[in-house]
Amino acid sequence: MKATLVIHPGELTLGEIRSIWLDAAPLALTPSAYAAIEASAATIDRIVARGDAAYGINTGFGKLAKTRIPDEQLELLQRNLILSHSVGTGDLIDDSIVRLIMALKIGSLARGYSGIRASVIDSLIALYNAGIMPCIPAKGSVGASGDLAPLSHMTLALLGEGNVRVDGKLQPAAVALQKAGIAPVVLAAKEGLALINGTQVSTALTLNGLFLAERLLEAATVSGALAVDAAKGSDAPFDPRLHTVRGQPGQIALAAIYRQLLDGSAIRRSHLVNDERVQDPYSLRCQPQVMGACLDIIGNAARTLLIEANAVTDNPLVYSDKDEVISGGNFHAEPVAFAADTLALAIAEIGALAERRIALLIDSTLSGLPPFLVAASGLNSGFMIAHVTAAALASENKSLAHPASVDSLPTSANQEDHVSMATFAGRRLHDMAHNTATIIGIELLAAAQGVDFHRPLNTSPLLATVHRCLRDKVSFYDKDRLFAPDIEAAKQLVVDGAVSAACKTLFSPLYLA
């Protein structure tokens, strides 16, 4: 049995969010949350009973906000809202991200500012715990007014409409709910709007990018250190005195990790004296500066996303202590868009630097290794075209790294006249991360190949562990063979976090817990 994660609204940690991303542990809501939830829902009941006009409660939506809806049609209003807004398109969002979306929505609604009944939140929790994952198309949101289309697809499942996935298999939501013993929800006033208005999809997509970026940073640091040994580079550029006088925290932290990764290398000891090279190329020498800067902006994005993951971002918001509803714009996902755009820069740069090290290693005039890292080059092409793949992916990431947040198109007949594009900003991080993971996988293969050519000299104990991990999956490249499966295997080690697993204690202090 997996331990239940108890959600304390507004207090989710990044560690808890990572666990939701990685593993579908059951969720529960702390009992102390229910008083605020019920008070908020009771406020909506009183507004409806008084006949006061309030946006999204007894009016139309967006440009139709001036249209008053009779009380007897309020349930139909909410149902129509979900059906009409379920207009997403494209591939379905992965279940790991759907789990994040649902958990973040549960936490946000449970803070007691959304005017939604506890029974609806409990139904969403039951859906999650039954492993019923709503089918949410990835495209169709501009990141304001919230993630309306994708969250509508999430909400469809609560109504017993649309399709869901259970254990990866597609089935009608009505069938899945019946099997799980969950009654379809009939939405009351305001509840549909509370469910679909918010930044949870943009935030979940960007959190996915954040967690992948952390793995990329770790793997590229390890493969970069291995490349230093493969190229018989110097560890002098990692001297702490250099980094202390600059003062950039990420740079200082990464330099310390490079020192520890290379500590005890016999390859390094072999060229401490009488090495004719005075300085290494930047892709080796400046790793702490580049990777440290990436670490810093990854950390900044993490802080923004943790705040947003705990935020109340629907509209309008209910303040039960004043019996008041206030219409605002917390659904505008600009902070998430900015965080996603900076993560895109980090992901692109991590890959760009790794691609340069691959180019260095296959160039015998720079690395001192056999041309293209293979014996009998000419007859064998070795890593020649693997580098071309890395270059193609690095170039693609440069285009994808263009900021999404600088774009905006008005929607809803110019009522919603500035939007964040945060959903695309977060969504493209997945493709970028997999591009960079492939580049790092190719570098890992190249660096391991280079280290093997230095035998009987060995790399450091920590890097030797990483080398063995790779060689368990991919053997030494002694002559040309079908190379794509090797690259895929190395990439998967990067994506799974296996490359840095042996030295996880070096990296875990770097991240927001």
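Here is a friendly set of questions and replies about a predicted model.

Me: How do you know that the span of helix H3 agrees with its number of residues?

Reply: Helix H3 covers residues 74–85, which makes 12 residues, and at 1.5 Å a residue these should span 16 Å. The expected span is 1.5 Å times one less than the number of residues. The C-alpha atoms at the ends of H3 are 17 Å apart, so the two values agree.

Me: Which residues of H3 are buried, and what do they pack against?

Reply: Leu74, Leu77, Gln78, Leu81 and Ile82 are the buried residues of H3. Because they cover an arc of only 130° around the axis, they sit on the same side of H3. Their packing partners are helix H2 (34–50), helix H6 (148–159) and helix H8 (191–196). As background, an α-helix has 3.6 residues a turn, so residues three or four places apart point the same way.

Me: Why are H2 and H5 called oblique to each other?

Reply: H2 and helix H5 (residues 118–129) pack at an angle of about 125°, and their axes are 9 Å apart. Angles of 65 to 115 degrees count as roughly perpendicular and those over 145 as roughly antiparallel. The angle of about 125° belongs to neither class, so H2 and H5 are oblique to each other.

Me: What makes up the contact of H2 with H5?

Reply: From H2 come Tyr34, Ile37 and Glu38, which meet Ala118, Ile121 and Asp122 in H5. By class, four of the residues in this contact are nonpolar, none is polar and two are charged.

Me: What makes Lys190 count as buried?

Reply: Buried means under 20% relative accessible area. Lys190 has 0% relative accessibility, so it counts as buried. Lys190 is in the loop between helix H7 (173–180) and H8. Its phi is near 80°, a positive value in a residue other than glycine.

Me: Why is Ala376 called partly exposed?

Reply: Under 20% would be buried and over 50% exposed, with partly exposed in between. The relative accessible area of Ala376 is 48%, so partly exposed is the right term. This residue is found in the loop between helix H16 (364–367) and helix H17 (384–400). Ala376 has a phi near 55°, which is a positive value in a residue other than glycine.

Me: Phe238 and Asp239 both lie in the loop between H9 and H10; how do you know which of these is buried and which is partly exposed?

Reply: The cut-off for buried is under 20% relative accessible area. Phe238 has 0%, so it is buried. Asp239 has 21%, and therefore counts as partly exposed. The loop holding Asp239 runs between helix H9 (200–230) and helix H10 (240–246).

Me: What is Phe238 in contact with, leaving aside its neighbours within four places in sequence?

Reply: Its contacts include Val228, His243, Ala255, Tyr258, Arg259, Leu262 and Leu284. Here contact means heavy atoms within 4.5 Å.

Me: How far apart are Asp239 and Arg259 in sequence and in space?

Reply: They are 20 residues apart in sequence, and their C-alpha atoms are 7.8 Å apart. For another pair, Phe238 and Lys179 are 59 residues apart along the chain, with 59 Å between their C-alpha atoms.

Me: How do you know that the buried residues of H7 line one face of the helix?

Reply: The buried residues of H7 are Ala173, Ala176 and Leu177. Seen down the axis, they fall within an arc of 95°, so they line one face. On the other side of H7, Gln178 and Lys179 are exposed. The buried residues pack against H5, strand E4 (132–134), H6, strand E6 (163–166) and strand E7 (169–172). Just after H7, Gly181 has a positive phi of about 75°.

Me: What puts the buried residues of H19 on the same side?

Reply: In helix H19 (residues 461–471), the buried residues are Leu463, Ala464, Val466, His467, Leu470 and Arg471. They cover an arc of only 160° around the axis, which puts them on the same side of H19. Among the elements that cover them are H9, helix H11 (249–262), helix H18 (422–453) and helix H20 (484–495).

Key
Residues are numbered from 1 along each chain as its sequence is written. This is a predicted model: local features need pLDDT of at least 70, side-chain atom pairs count only at pLDDT 80 or more; totals for chains, interfaces and linings use all residues. Side-chain values use heavy atoms; hydrogens and water are left out. Helices (H or I, at least four residues) and strands (E, at least two) are DSSP runs, numbered from the N terminus. Buried means under 20% relative accessible area, exposed over 50%, partly exposed in between (1.4 Å probe, protein chains only). The arc is that of the directions from the helix axis to the C-beta atoms. Axes are lines fitted to C-alpha atoms, for helices over the stretch in contact, and angles run from 0 to 180 degrees between N-to-C directions. Angles under 35 degrees count as roughly parallel, over 145 as roughly antiparallel, 65 to 115 as roughly perpendicular and the rest as oblique. Ala, Val, Leu, Ile, Met, Phe, Trp, Tyr, Cys and Pro count as nonpolar, Asp, Glu, Lys and Arg as charged, and the others, Gly among them, as polar.
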